Amino acid sequence: MFLRTSDGVRLEARYEPCAAGRADTAVVLAHGFTGSVDRPAVRRAARALSRRAAVVTFSFRGHGGSGGRSTVGDREVLDVAAAVEWARARGHARVVTVGFSMGGSVVLRHAALYAAHAGARTDAVASVSAPARWYYRGTAPMRRVHWLITRPSGRLVGRYGFGTRIHDRDWDPVPLSPAEAVPLIAPTPLLVVHGDRDPYFPLDHPRMLADAAGGAAELWLEPGMGHAENAVGDALLSRIGDWLLDAWPIMEA
């Protein structure tokens, strides 16, 4: 199927009904940079989560068969909003989000920016392997990512090597960072998941996100886990799915 964002970008997407569990709930799954709806790791995650709830997956703008160009975490919040709105329009009373790496940063920003939008807000958010701050170049993999994004030759590799069309303009203005977004998410339940062997973002990133939440986030530091959807095993996906289904806002008395 296809979704249409509020700025007119056409996104390829898939919908998987709940195989067993909570049919009233839909999980919107946001992949990492250079991923797409058809990547094996995304499909595996969708299958695991569909055992507990319906699942909406999509390719971010500029990725796979979607239109537009990637802004690497900025306007991608509109993509998540379109998927959440579609799931609510289909009749799901509760819609939750989970994102990996770039998708993890996007679902954090979406949860903060759309908290007051009844049709597009999320009821719980899980962010996996996400950065806490922009422009991080402290690891060799992230230096390669920045070359891919900022250099004309890198963007050619992105287009023809990874099927990702990347915008050639700098952010203006610089979007709200994940760490700046986190304090705006409560009372929506927030889970931060990160591997202690992540080659892209070291553990100061998830700890920074958890600290920014001021005690309102749950933090899972996973021993032996690498980066994003490729590193998340079925057991962890099941735990994340259970958390998303069981997480409800803590309301003040």
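In the predicted model, P173 lies in the loop that runs between α5 and α6 (178-181). The peptide bond joining D172 to P173 is cis, with an omega of about 5 degrees. A second cis bond links A186 and P187, where omega is near 10 degrees. P187 is placed in the loop between α6 and β7 (190-195). Helix α6 is therefore preceded by the loop holding P173 and followed by the loop holding P187.

Backbone geometry of another kind is found at two residues that are not glycine. S101 has a positive phi of about 55 degrees, and A228 has a positive phi of about 65 degrees. Both values, like the cis bonds, are set against a general background: most residues other than glycine have a negative phi, and most peptide bonds are trans. S101 belongs to the loop between β5 and α3, whereas A228 is part of helix α8. S101 counts as buried because its relative accessible area is 11%, a value under the 20% limit. A228 is also buried, since its relative accessibility is 4%.

The strand arrangement was examined around β3. Strand β3 (residues 22-30) pairs with strand β4 (residues 53-58) in the parallel sense, over 5 bridges. It also pairs with strand β5 (residues 94-100), again in the parallel sense, over 6 bridges. V28 illustrates both pairings: it stands opposite V56 in β4 and opposite T97 in β5. The connection from β3 to β4 involves α1, and the three elements β3, α1 and β4 make a right-handed β-α-β unit.

T34 is located within this unit, in the loop between β3 and α1. With a relative accessibility of 15%, T34 falls under the 20% limit and so counts as buried. Apart from neighbours within four places in sequence, the contacts of T34 are R39, H63, L148, F162 and T164. One of these, F162, lies in helix α5. F162 is partly exposed because its relative accessibility of 38% falls between the limits of 20% and 50%. Residues up to four places away in sequence being excluded, F162 touches T34, R39, L148 and V157. R39 and L148 thus appear in the contacts of T34 and in those of F162. The C-alpha atoms of F162 and G35 are 8.1 Å apart, although the two residues are separated by 127 positions in sequence.

The largest pocket has a volume of about 1200 Å³. Its lining comprises 47 residues, of which F33, V72, M102, V145 and I149 are the closest to the centre. At least two lining residues each are supplied by α1 (40-49), α3 (102-113), α4 (140-150), α5 (152-162) and α8 (228-231). The largest share, 9 residues, comes from α4. By class, the lining consists of 23 nonpolar, 13 polar and 11 charged residues.

Contacts were also examined at G226, in the loop between β8 (217-222) and α8. G226 is buried, because its relative accessibility is 16%. When residues up to four places away in sequence are not counted, G226 touches S129, G195, R197, D198, P199 and A231. G226 and D198 are 28 residues apart in sequence, and the distance between their C-alpha atoms is 4.2 Å.

A further buried position is D79, in helix α2 (residues 76-89). D79 counts as buried because its relative accessibility is 0%. Neighbours within four places in sequence left aside, D79 is in contact with T5, L11, F58, F60 and R61. Among these contacts, F58 falls within the residue range of strand β4 (residues 53-58).

Key:
Residues numbered from 1 in each chain as written. Predicted model: local features only at pLDDT ≥ 70, side-chain atom pairs only at ≥ 80, totals over all residues. Heavy atoms only, no water. 1 Å grid on protein atoms, 1.4 Å probe; cavity = no way out; pocket = protein on both sides within 12 Å on 5 of 7 lines; lining within 4 Å. Points joined across faces, edges and corners; volume = space filled by probe spheres on them. Helix = DSSP H or I, 4+ residues; strand = E, 2+ residues; numbered from the N terminus. Nonpolar A, V, L, I, M, F, W, Y, C, P; charged D, E, K, R; others polar. Buried < 20%, exposed > 50% of the residue type's maximum accessible area, 1.4 Å probe, protein only. Contact = heavy atoms within 4.5 Å. Pairing = 2+ DSSP bridges. Right-handed = clockwise from strand over helix to strand, strands pointing away.
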